[in-house]
Amino acid sequence: MGYYAGVDLGATNVRAAVADEEGTVIATHDRSTPQGPAGIAVTEAVLGCLRTACTSADVAPSEIRAAGIGSIGPLDLAEGTVDNPANLPDSIDRIPLTGPVEQLIESDQVFLHNDTNAGVIGERFHSDRNPDDMAYVTISSGIGAGVTVDGNVLSGWDGNAGEVGHMVVDPQGRRTCGCGREGHWEAYCSGDNIPEYARMLADESQVDTALPLDDPDFSAPDVFEYAGMDQLADHVVDQLVHWNTLGLTNIAQAYAPIVIYVGGAVALNNEELVVDPLRDRIDDYVFNNVPDVELTTLGDEVVLKGAIASAITDGTGDRSRMRS
Ligand SMILES: [Zn+2]
């Protein structure tokens, strides 16, 4: 019996799992992501979660044949690190990942991916519908995509091919993104940015609203909760669908996926308002074959399951490449 491990490293939580050679999870462990003092604290948290998951599974770390890691970026794949992650404090400069995990499991079979690439690997391995050309898009605190073309997972320079949240969708650049540039997709549609975007639309449109725009705790879920009952909330939701349609259209034109799976908290919690309308509208924008748009089949475990699938399939998610 061979054992495999997966890690989902997010800005908020770290999760690790030990699985059997079919990808069935035996044990998991999670904790909050350390916010400092330095990147090595995050490395230690990842190793700690892996050790605890191994203990729970009654598997020695050295019995793990291979591990996959789905991580926040930006990555430096050659070094096996995360460098200056945007959503963690500045003191977290560099997070070593591949090397320390290799040492722990005593194997050089450690596959590092950005989290959305882990997502598409998870969909490819687990979904009934898993053509060679497919994409996974997360709409969460940020926006990103993982894409397979001709069966190859695209990773790009330093592993950052999936940073589609920073594609310009609004040439007028009315919103400044967290990265400092203007008009980026996630500056409008990520969970972190929806409240400020709603305030901007309120100023522009001057429609009456019951949304608590001035409350410092005003958040994306408030907008979706008021949808159908509030003119401004409906306007915001409609604009989100507009920008999300442009983002998905750009992905469809660039990579020609047959199916696009959509995940992330904003999509998972609001399928009817966020995902369903995309299916109708993308038809009006895509020139070539129009991809199917589906909610992820793996919920909020898509990155963790993709990391495990990567370990089992040599970093590909391709079931025909499962180790035996
Ligand atoms: Zn940006």
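Okay, one term before we start: "buried" here means under 20% relative accessible area. And keep in mind that this is a predicted model.

Let's begin with the aromatics. There are two aromatic pairs in the structure. In one of them, Tyr 188 meets Tyr 197 edge-to-face, with 5.1 Å centre to centre and 80° between the planes. Both of those tyrosines, Tyr 188 and Tyr 197, are buried. Tyr 188 also pairs with Trp 243, and that pair is tilted: 4.9 Å between centres, 45° between planes. Now, what does the pair do for the chain? Tyr 188 sits in helix α4, residues 185-189, while Trp 243 sits in helix α7, residues 231-255, so the pair ties together parts that are 55 residues apart in sequence.

How buried are these two? Tyr 188 has a relative accessible area of 0%, and for Trp 243 the value is 5%, so Trp 243 counts as buried too. Put together, Tyr 188, Tyr 197 and Trp 243 make one aromatic cluster.

On to the sheet. It's an open one with five strands, ordered β11-β10-β9-β12-β13, and the pairing is mixed. At the edges you'll find β11 (152-153) and β13 (292-295); each has a single partner strand, so one side of each has no neighbour in the sheet. β13 pairs with β12, residues 259-263, in the parallel sense over four bridges, and Val 259 stands opposite Asp 292 in β13.

Last, the helices on that sheet. Helix α3, residues 115-126, lies across β9, β10, β11 and β12, running at about 50° to β10. Helix α9, residues 271-282, packs on the sheet as well, touching β9, β12 and β13, and its direction makes about 170° with that of β13.

Notes: Residues are numbered from 1 along each chain as its sequence is written. This is a predicted model: local features need pLDDT of at least 70, side-chain atom pairs count only at pLDDT 80 or more; totals for chains, interfaces and linings use all residues. Side-chain values use heavy atoms; hydrogens and water are left out. Rings of Phe, Tyr and Trp (its six-membered ring) pair if their centres lie within 6.5 Å; planes under 30 degrees apart count as stacked, over 60 as edge-to-face and the rest as tilted. Buried means under 20% relative accessible area, exposed over 50%, partly exposed in between (1.4 Å probe, protein chains only). Helices (H or I, at least four residues) and strands (E, at least two) are DSSP runs, numbered from the N terminus. Two strands pair if DSSP finds at least two bridges between them. Contact means heavy atoms within 4.5 Å. Axes are lines fitted to C-alpha atoms, for helices over the stretch in contact, and angles run from 0 to 180 degrees between N-to-C directions.
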